[in-house]
Amino acid sequence: MWNIGKGVLTLFVVLGFIFLLAPLLVVVPLSFNAEPYFTFTEGMLRFESEAYSLRWYRAIFESEEWLRAIQNSFFIGIFATILATILGTLAALGLNDPRLPFRKFVSALIISPIVTPIIVVAVGVFFFYTDIGLGQTYLGIILAHAMIGAPYVVITVSATLANFDYTLLRAAASLGANPWTAFSRVQLPIISRGVITGALFAFINSFDEVVIVVFMAGPKQRTIPREMWSGIREEISPTILAVATLLILLVVLVLITVELLKSFGEKNKLSAK
Amino acid sequence: MTAQYDIKSRIGPIGLALPLVAFIVITFLIPLANMIKESVYDADVADALPRTLRLLNDWVGPDLPSDEVFRTIAEEIVVLQENRTIGKIGIRVNRVVSGTRSVWGKTARRVDGVETDDMRTTMVGIDDRWSDLALWQGIKKAGQRYSAKHYLHAVDLTRGDDGSIRRVDTEQRVYNTLYLRTFWVALLVTLLCLVIGYPIAYAIAHTPPTLSKILLFCVLVPFWTSLLARATSWLVLLQSQGVVNDVLVWLGIVPDDGRLSLIRNMTGTLIAMTQNLLPFVILPTYAVLSSIPPTYMRAAASLGANPFQAFVRVYWPQSLPGIASGCLLVFILSIGFYITPAIVGGTKGQLISNMIAYHINDANNWGLAAAISVIVLMSVLILYVVFDRWVGVDKLKLS
């Protein structure tokens, strides 16, 4: 009787995972479709090699718009990430100190950009940035993306700081290190995996963000998601499936990196013991 | 001696937190405050017709305004025509009194250079709508710098000529239906996420570490995958010639000529949004479930509880903080969802966010977009306050 319950639960969980992953699993093979269709052709189902092709990937790299979008996404993403990572790491160090006044309020303020509905953030940012002359500029989008990316850095760095052993800094000081040396040579390397993880999340976040970009970007600042957005709404071509596949691949690579960083950190902790 | 070996002690916690706090205030809080101002403040008409509006201050009707008012507005219209801003004023006044948009351009073209002692007759001669009291009341109304008109509009209310507030005509009511629909969709999506997500979180928390890691990875990949990539996939999966329908036809569940319409309607919005937001329930719930000591369940069993009782009385109550933060996040994010409904929802599956975007991108009515955004923002804030009273915002787990 109890086994039946377990069986039902397992089935339910498997179905849940299929639901969660189906959109990713279907879009990958379809992006290799030799025909301009959005469904599996007979040939694809029989695994004939002629039914598959790389033509939609070639189409991305032959299109000026897509190349420009890729360039823009990286440009905006990298600068937003640098800004978010520096500000976020410093703030996490400050937040971790019990002497900081209004700690609960400050952390709520810092987290607020990512728990506010993105449409509201985008409307506010669009009006204000247009008023002060940052509408349709790279700087405007970079600032907005840094603002929604910084909270991720604060969260991940705070998590690593929670386990940080402050006696290490005292040890460094007793060995003659000045505070800056102690920070850069002792503390930063130890919390670096939180910093890198946060930076990666901030980057992905900027790379995928579309609502702010839809409102703010001029024709020059169109990013990958912005290009997909108009592609889907105007005339949908399988090139979009190829782009989607590349984005999924990017996320998988980033998450594997994060996972490796995590297990590396755990090993470090073990060997330190 | 205070500790000086720590960079934190040198700069101090305030110095470290300040740059980001200042950054968020400038890039986030001030824009939000500005948006609130935008929703109640509109100086376009007031700045365009300052002298006319000052004269109209003393005018209430029922007679037409004095000839002086006509002469003043004629002069101001000529200036506006030269600045090429007359069209904008026409649009603004037209929002208050519809059907008056063409008055402005027509008058501007013909009033320039006219020398007359009786401007009133001349202007009524150009366009007899100048003798309409409603137009003058409309100008006065549109000329108010601060007004709640966008908020009234945003909840399907209007102010009558006598100043009383009433509901707009049935066929013009749009917003209240959309708030209600957004609320229901958010509620339904939250429930679906909980029903599908809880067992998944349970499974991840109670399998051997290796499998658990793989399963967690399978949740994180869709979580971080571009919303647009996921929306595209759903479009491909759910269309009538799409994979889901193909499989259903192949299995013989639906006939080939009776393919389900799963896209460009509410079904599409619900399916895609549930998948988009599922990780937001799974992750915090998993975090809480994995911290429940297994000894509690064994203790419950040894005290004579059957597995069902042990679950309901011991396990479930302890998982509530995770569920609560997950559900709150899903609900709040659902309220602001824009991309997915716009792509898979068609016209029937649109939510309030799509209306905000419409007023910014297409209708160019920023004040109204701001007012709706403020309403959405306030609802979310109220939810946080309720949540804080009930569970505590500091229990919110994001990763």
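**Exercise 1. Determine what share of chain A is buried, and describe the overall make-up of that chain.**

Solution.
Step 1. In this predicted model, chain A has 273 residues, and 44% of them are buried.
Step 2. The secondary structure of chain A consists of 12 helices, with zero strands. Followed along the sequence, the pattern reads α-α-α-α-α-α-α-α-α-α-α-α.
Step 3. The extent of chain A is taken from its C-alpha trace, which spans about 70 × 65 × 35 Å along the principal axes.
Step 4. Consider the contacts in chain A with a separation of 6 or more: 74% of them are between residues 24 or more positions apart.

**Exercise 2. State which domains are assigned to chain A, and describe the side of domain 1 that touches domain 2.**

Solution.
Step 1. The assignment for chain A places domain 1 at 28-62 and domain 2 at 66-262.
Step 2. Taken over C-alpha atoms, the centres of these two domains of chain A are separated by 34 Å.
Step 3. The contact between them involves 11 residues of domain 1 of chain A and nine residues of domain 2 of chain A.
Step 4. On the domain 1 side, the elements giving two or more residues are helix H1 (2-30) and helix H3 (55-62) of chain A. H3(A) gives the most to this side, with five residues.
Step 5. By residue type, the domain 1 side divides into nine nonpolar, two polar and no charged residues.

**Exercise 3. Find how many residues each chain gives to the contact between chain A and chain B, and characterise the side that belongs to chain B.**

Solution.
Step 1. Chain B contributes 75 residues to the contact, and chain A contributes 76 residues.
Step 2. On the chain B side, the largest share comes from helix H1 (residues 7-40) of chain B, which supplies 20 residues.
Step 3. The residues on the chain B side comprise 53 nonpolar, 15 polar and seven charged.

**Exercise 4. Give the domain bounds of chain B and the distance between the domain centres.**

Solution.
Step 1. In chain B, domain 1 is assigned to 44-144 and domain 2 to 175-395.
Step 2. The C-alpha centres of domain 1 of chain B and domain 2 of chain B are 52 Å apart.

**Exercise 5. Decide whether H15(B) and H16(B) are parallel, perpendicular or oblique to each other, and list the residues through which they meet.**

Solution.
Step 1. Helix H15 of chain B covers residues 294-302, and helix H16 of chain B covers residues 307-335. Their axes come within 10 Å and cross at roughly 135°.
Step 2. Angles over 145 degrees count as roughly antiparallel, and those from 65 to 115 as roughly perpendicular. The crossing angle of roughly 135° belongs to neither range, and H15(B) and H16(B) are therefore oblique to each other.
Step 3. The crossing of these two helices, H15(B) and H16(B), is right-handed.
Step 4. From H15(B), the residues B:Tyr296, B:Met297, B:Ala300 and B:Ala301 meet B:Ala310, B:Val314 and B:Tyr315 of H16(B). This contact of H15(B) with H16(B) is made up of seven nonpolar residues, with no polar and no charged ones.

**Exercise 6. Locate B:Pro284 and establish whether B:Pro284 is buried or exposed.**

Solution.
Step 1. B:Pro284 lies in helix H14 (residues 266-289) of chain B.
Step 2. A residue counts as buried if 20 or more other C-beta atoms lie within 10 Å of its own. B:Pro284 has 27 other C-beta atoms within 10 Å, and is therefore buried.
Step 3. B:Pro284 and B:Gly322 are 38 residues apart in sequence, yet their C-alpha atoms are 5.0 Å apart in space.

Definitions and conventions. Residues are numbered from 1 along each chain as its sequence is written. Chains are lettered from A and ligands numbered from 1 in the order in which they are written. This is a predicted model: local features need pLDDT of at least 70, side-chain atom pairs count only at pLDDT 80 or more; totals for chains, interfaces and linings use all residues. Helices (H or I, at least four residues) and strands (E, at least two) are DSSP runs, numbered from the N terminus. A residue is buried if 20 or more other C-beta atoms lie within 10 Å of its own, exposed if 12 or fewer, and partly exposed in between; C-beta atoms are placed from the backbone. Two residues are in contact if their C-beta atoms, placed from the backbone, lie within 7 Å. Ala, Val, Leu, Ile, Met, Phe, Trp, Tyr, Cys and Pro count as nonpolar, Asp, Glu, Lys and Arg as charged, and the others, Gly among them, as polar. Domain bounds come from an automatic or database domain assignment. Axes are lines fitted to C-alpha atoms, for helices over the stretch in contact, and angles run from 0 to 180 degrees between N-to-C directions. Angles under 35 degrees count as roughly parallel, over 145 as roughly antiparallel, 65 to 115 as roughly perpendicular and the rest as oblique. A crossing is left-handed if the near helix is turned anticlockwise from the far one by less than a right angle, and right-handed if clockwise.
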